[in-house]
Amino acid sequence: MSPGLPSGPDNLTPCGGAIDVDRVSKTFRLPHERRTTLKEYFLHPLRRTHYEEQRALQDVSFRVEPGEFFGIMGPNGSGKSTLLKVTAGIYRHDTGTVRVSGLLSPFIELGVGFNPELTARDNIRINGTLLGLDRRQLGARYDEIVAFSELERFVDQKLKNFSSGMQVRLAYAIAIQVDFDILLLDEVLAVGDESFQQKCSETFTRFRKDGKTIVLVTHNLALIEQFADRALLLLDGHVQALGAPGDVIARYHAQLARPAAGSDAPVIKAAS
Amino acid sequence: MVEATGFLRAPRTRGIRHRLRILQVIVLAEFKLKYAGSALGYVWSVVKPLSLFTVLYLVFGRIFKLGDISEFYGLALLIGIVLFSFFSDATNQGMVALVHRESLLRRLRFPRIIIPTAATLTAAMTFGINLLVVAGFVAWQGIVPRLDWLLLVPLLLELYLFTLGTALILTTLFVSLRDIGQVWELGAQLLFYASPVIYPVTYLPPWARDLAFLFPFTQVLQDVRALVLYEDNSGITVTAPEALGQFGRLLPIAITLVVFTFGLALFKRYEPWFAERT
């Protein structure tokens, strides 16, 4: 991965956040019987571990323009999280290209990887720093993070004593305090309560106004309908539909109504 | 084929200063965590090597009378135990670091090397506290510090580099082969008895002595002992040049650099897949 400005075919604007995913495929190698002990290597030195190839993403292409709110939907196991992780540079894809311009703040798998043994205060410090905040910024934004997550009374408690809803609130509060251009959100609202969902919606509106780029993965189609400029439907690692949220959602509903859908169905491609 | 992938990040996330800041934040939090919640806290970091020292001193120093060799046998033993405890703790904690922090690896993109490095640095902080205790005993013995003790700095750096290199190899292997945990538990124990921690290196037959000095830990240990304890009585303790020839120190130093470079290369080679394989 070479650092520096990406030089896409259309020269992505460096000031706003943009994503260009081009024909990306990703396969996981899952060992059939995980051979992770030496005994197995010694007993069967010649037998190679059998891998099951799980194709998580196949030939996925899409672009997100600067300032766009982009929704991604699809059933469980369709590759949405893998797609976000590949975009965030956490997983390495097998083929294709991923170009990202702008600072990206990921919110993946309900959080930013807290250490359950550490206090909320220490976790804010570690994860904020890992996301790129320096000492001064962290000091200035610490109170805001705590206030947004409404965890003032619990900052010196270990994270393992937090409910999953509290952890998500804290994780989201940290992720949005980074000076990001692109925010990647994976099911941020899944475990939040009503007031937190309300708060999230307010931040979405604010980010849109500020021209931030947002990619939102969710099962909440109403949210996509409300906020997204465009949407993408992922099915078995394929892009099934890409275009206006209303069309893509309609396509998703049609897909759900048809239990055994072939992947050879025509793909809706709406002009962007 | 994977074509060029560009990531434009804020300069400070890539800068060395910010990486050091990340290390500092993680190391301080983990160090605090290690001793928080126990009644004696930091005292435990000193109790462990000191109790091991007491047992070994009574058995080997008194019963087997190794203490008769030199008035400094006890201190030499203590220095050996403290140095080896660091090597053993740092490599063990570095080995499991990636697997223990897998939830972080799967959620954020950052240089993975920070995780095992932070684990070895946390062990280095305990080591620092232990060194203070050693310094106390050295002062108690009436040994006066000299200017050439500054050579301790490059010696300890060499030990750290060797330790970090070993930890990087172990942590990369541990991701896909969990037995490495058992292997290294045994390996570290064998290395402890194979190194001249308890017994003088001169007790070994010449071939074994030369072999022992190829282990960079032995070279560092003997140099530290010679520097701190045996300045006036050269001949009592043997350092690498006496065993391996005039430039004998270069050999273990070269091995240190090879282990570190290999560990770094191995780690970098598998870094892109740590997130999905831990």
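Strand 3 (residues 69–73) of chain A runs parallel to strand 8 of chain A, paired over 4 bridges. Strands pair when DSSP finds at least two bridges between them. Strands (E, at least two residues) and helices (H or I, at least four) are DSSP runs, numbered from the N terminus.

This is a predicted model: local features need pLDDT of at least 70, side-chain atom pairs count only at pLDDT 80 or more, and totals for chains, interfaces and linings use all residues. Residues are numbered from 1 along each chain as its sequence is written, while chains are lettered from A and ligands numbered from 1 in the order in which they are written.

**Strand 8 of chain A and its partners**

Within the parallel pair, Ile72(A) has Leu232(A) of strand 8 as its bridge partner. Strand 8 covers residues 230–235 of chain A, and 5 of its 6 residues are buried. Burial is a neighbour count: a residue is buried with 20 or more other C-beta atoms within 10 Å of its own, exposed with 12 or fewer, and partly exposed in between, with C-beta atoms placed from the backbone.

Strand 8 of chain A also pairs with strand 9 (residues 238–243) of chain A, this time in the antiparallel sense over 5 bridges. Here Leu234(A) stands opposite Val239(A) of strand 9. The two strands form a hairpin with 2 residues between them. One residue in that turn, Asp236(A), has a positive phi of about 50°.

**Positive phi values**

Most residues other than glycine have a negative phi. Two non-glycine exceptions are tabulated.

| Residue | Phi | Location | Exposure |
|---|---|---|---|
| Arg23(A) | near 45° | strand 1 (residues 18–31) of chain A | partly exposed, 13 other C-beta atoms within 10 Å |
| Asp236(A) | near 50° | loop between strand 8 and strand 9 of chain A | partly exposed, 16 C-beta neighbours inside 10 Å |

A glycine has a positive phi as well: Gly89(A), near 80°, follows helix 2 of chain A.

**Chain A overall**

Chain A has 8 helices and 10 strands. Of its 272 residues, 44% count as buried. Among contacts in chain A with a separation of 6 or more, 74% link residues 24 or more positions apart. A contact means that two C-beta atoms, placed from the backbone, lie within 7 Å.

Helix 2 (residues 80–87) of chain A is mostly covered, with 7 of its 8 residues buried. Which residues of helix 2 of chain A are buried? They are Lys80(A), Thr82(A), Leu83(A), Leu84(A), Lys85(A), Val86(A) and Thr87(A).

**Nonpolar cores**

In soluble globular proteins, nonpolar side chains tend to be buried together. A nonpolar core is a set of buried Ala, Val, Leu, Ile, Met, Phe, Trp, Tyr and Cys residues joined through C-beta atoms within 7 Å. The largest one has 127 residues. The residues with the most contacts inside it are Tyr172(A), Leu184(A), Leu185(A), Val215(A), Leu232(A) and Leu83(B). Helix 4 (residues 73–100) of chain B supplies the largest share of this core, 14 residues. Another core lies apart from it, with 6 residues, among them Val201(B), Val238(B), Ala240(B) and Ala243(B).

Leu184(A) has several contacts beyond its neighbours within four places in sequence, including Leu84(A), Thr87(A), Phe107(A), Ile108(A) and Val215(A).

**Helix packing in chain B**

How do helix 4 and helix 8 (residues 180–194) of chain B lie, and at what angle do their axes cross? The axes come within 11 Å and cross at roughly 170°. That makes the two helices roughly antiparallel, a label for angles over 145 degrees. Axes are lines fitted to C-alpha atoms, for helices over the stretch in contact, with angles running from 0 to 180 degrees between N-to-C directions.

Phe84(B), Ser88(B), Thr91(B), Asn92(B) and Met95(B) of helix 4 meet Ile180(B), Gly181(B), Trp184(B), Ala188(B) and Phe192(B) of helix 8. By class, this contact has 6 nonpolar, 4 polar and no charged residues. Ala, Val, Leu, Ile, Met, Phe, Trp, Tyr, Cys and Pro count as nonpolar, Asp, Glu, Lys and Arg as charged, and the others, Gly among them, as polar.

**Arg19(B)**

Arg19(B) sits in helix 2 (residues 16–35) of chain B. Arg19(B) is partly exposed, with 18 other C-beta atoms within 10 Å. Leaving aside neighbours within four places in sequence, Arg19(B) contacts Pro111(B) and Ile114(B). Arg19(B) and Phe110(B) are 91 residues apart in sequence and 9.2 Å apart in space, C-alpha to C-alpha.

Terms used:
Parallel < 35°, antiparallel > 145°, perpendicular 65-115°, else oblique.
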